[in-house]
Amino acid sequence: MSVNQQIENWLVSRKKSFLHSNRPFITLAFAQTLDGSITTDQGDTLALSGLASNRITHQLRSLHDGILIGIKTVISDDPQLTVREWQGENPQPIVLDSQLRMPAGAKLCTHPDKRCWVLTLQNQESENSNADIDIFRIAENGADFVPLDSAMKLLREKSIHSLMVEGGARVITEFLKAGLADAIVMTIAPGLLGGYRAVGDLEQTLASSLPLVSPMFAEKLEQDLLIWGDLHYGENKP
Ligand SMILES: NC(=O)c1ccc[n+]([C@@H]2O[C@H](COP(=O)([O-])OP(=O)(O)OC[C@H]3O[C@@H](n4cnc5c(N)ncnc54)[C@H](OP(=O)(O)O)[C@@H]3O)[C@@H](O)[C@H]2O)c1
């Protein structure tokens with residue numbers, strides 16, 4: 001069976017058995033080097049995946065209702081987040097953007113069939129007159145960032161039953177810290193960069209409370225290594 005088919009079968013079955021009704025099923029999907037770098041320096045754009053792994057990313061997009069990234073990835077990479085290398089529907093693009101910095105010229109603002117959803121804080125005073133986005137203000141409860149629990153509840157209420165989180169590093173780290181990611185698909189590119197790490201400080205002291213991938217699957221795909229599996233958290237999972 002092809003790697004594409006294996007990942008699709010696994011993901012479809014995981015989504016079916018997902019029981020929470022107050023948030024979407026959440027998959028983290030990103031590329032990193034062998035030493036865990038997501039890019040050279042924070043804010044640098046670097047394509048790490050080979051062609052075949054890139055097709056998997058597009059296939060994964062087609063298997064989720066929504067796709068979420070952080071504002072810093074919008075600013076540095078200006079991605080489209082559409083399904084181009086695979087057959088299927090585009091997921092709903094969603095950006096975490098506490099300070100409403102979404103640039104008017106971003107490609108996400110000229111999406112072929114969806115208006116980008118920008119999640120920000122309720123007390124956000126700055127205006128963003130961008131007519132091409134839908135802004136959702138979320139109660140901040142003293143947080144500097146958009147609170148993920150409330151954001152995920154809102155997305156589920158808006159019929160996002162499955163969500164692919166494509167980065168960047170800060171966003172990946174915050175989802176892991178919150179114990180909110182259910183599945184992970186990592187493309188490991190065969191380089192060593194000594195760069196900006198995909199997973200930052202998880203602020204966990206006990207090994208038993210760290211995220212664990214189990215079962216974990218792996219396949220070589222051209223020059224890359226693809227690793228995927230279910231995420232579990234230790235005793236301290238929120
Ligand atoms: N290799 C890959 O697969 C891949 C994928 C994506 C990105 N990247 C790279 O990653 C880099 C960007 O990553 P990054 O870590 O700098 O930024 P990021 O994760 O893209 O965005 C983080 C920002 O999102 C906003 N945010 C709002 N609510 C948040 C929340 N609850 N949790 C986390 N963030 C929240 C914050 O900015 P505000 O305070 O302004 O709201 C935060 O600083 C770029 O260099 C990009 O090229 C690589």
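**View 1. Phe 217 is partly exposed, with 30% relative accessible area.** Heads up: this is a predicted model, so local features need pLDDT of at least 70 and side-chain atom pairs count only at pLDDT 80 or more, while totals for chains, interfaces and linings use all residues. Residues are numbered from 1 along each chain as its sequence is written, and side-chain values use heavy atoms, with hydrogens and water left out. As for the wording, buried is under 20% relative accessible area, exposed is over 50%, and partly exposed is in between (1.4 Å probe, protein chains only). Trp 228, at 2%, is buried.

**View 2. The model has 3 aromatic pairs.** In one of them, Phe 18 and Phe 25 sit with ring centres 5.5 Å apart and planes at 80°, so they meet edge-to-face. Both Phe 18 and Phe 25 are buried. Phe 217 and Trp 228 make a stacked pair, with 5.7 Å between centres and 25° between planes. This second pair joins distant parts of the chain: Phe 217 belongs to strand 10 (residues 212-221) and Trp 228 to strand 11, 11 residues apart. To pair, rings of Phe, Tyr and Trp (its six-membered ring) need centres within 6.5 Å; planes under 30 degrees apart are stacked, over 60 edge-to-face, and the rest tilted. Helices (H or I, at least four residues) and strands (E, at least two) are DSSP runs numbered from the N terminus.

**View 3. The ligand sits among 30 surrounding residues, the closest being Asp 44, Thr 73, Asp 77, Ser 98 and Tyr 196.** A residue makes the list if one of its heavy atoms lies within 4 Å of the ligand. By type, the shell splits into 12 nonpolar, 10 polar and 8 charged residues. Here Ala, Val, Leu, Ile, Met, Phe, Trp, Tyr, Cys and Pro are nonpolar, Asp, Glu, Lys and Arg are charged, and the others, Gly among them, are polar. Helix 3 gives the largest share of the shell, 5 residues. Strand 1 (25-33), strand 2 (37-39), helix 3 (71-77), strand 7 (162-167) and helix 5 (169-177) each chip in at least two.

**View 4. Oxygen atoms of the ligand meet polar atoms of Asp 44, Thr 73 and Arg 170.** For Thr 73, an N or O atom in the side chain is 2.5 Å from a ligand oxygen. Asp 44 uses a polar backbone atom, at 2.7 Å, and Arg 170 offers a backbone N or O atom at 2.8 Å. The protein covers 94% of the 930 Å² of accessible area that the ligand has on its own. Accessible areas come from the Shrake-Rupley method with a 1.4 Å probe.

**View 5. Arg 170 and Glu 174 form a salt bridge, 3.1 Å from N to O.** The label needs a side-chain nitrogen of Lys or Arg within 4 Å of a carboxyl oxygen of Asp or Glu. The two are 4 residues apart in helix 5, so about one helical turn separates them. Arg 170 is partly exposed at 45% relative accessibility, whereas Glu 174 is buried at 19%. Arg 170 and Glu 174 also belong to a salt-bridge network with Lys 177 and Glu 203. As for the helix itself, 7 of the 9 residues of helix 5 are buried, so the rest of the structure largely encloses it.

**View 6. Arg 14 and Asp 230 make one more salt bridge, their closest N and O atoms 3.0 Å apart.** This pair ties together distant parts of the chain: Arg 14 is in helix 1 (residues 3-16) and Asp 230 in strand 11 (residues 224-232), 216 residues apart. Both Arg 14 and Asp 230 are buried. The structure holds 9 salt bridges.

**View 7. Backbone oddities include a cis peptide bond from Gly 167 to Gly 168, omega near -5°.** Gly 168 is in the loop between strand 7 and helix 5. The bond from Ser 214 to Pro 215 is also cis, with omega near -5°, and Pro 215 is in strand 10. Leu 81 has a positive phi, near 60°, despite not being glycine. Leu 81 is in the loop between helix 3 and strand 4 and is buried at 1% relative accessibility.

Terms used. A polar contact is a pair of N or O atoms within 3.5 Å; within protein, one must be able to donate a hydrogen and the other to accept it, and residues adjacent in sequence count only if both atoms are side-chain atoms.
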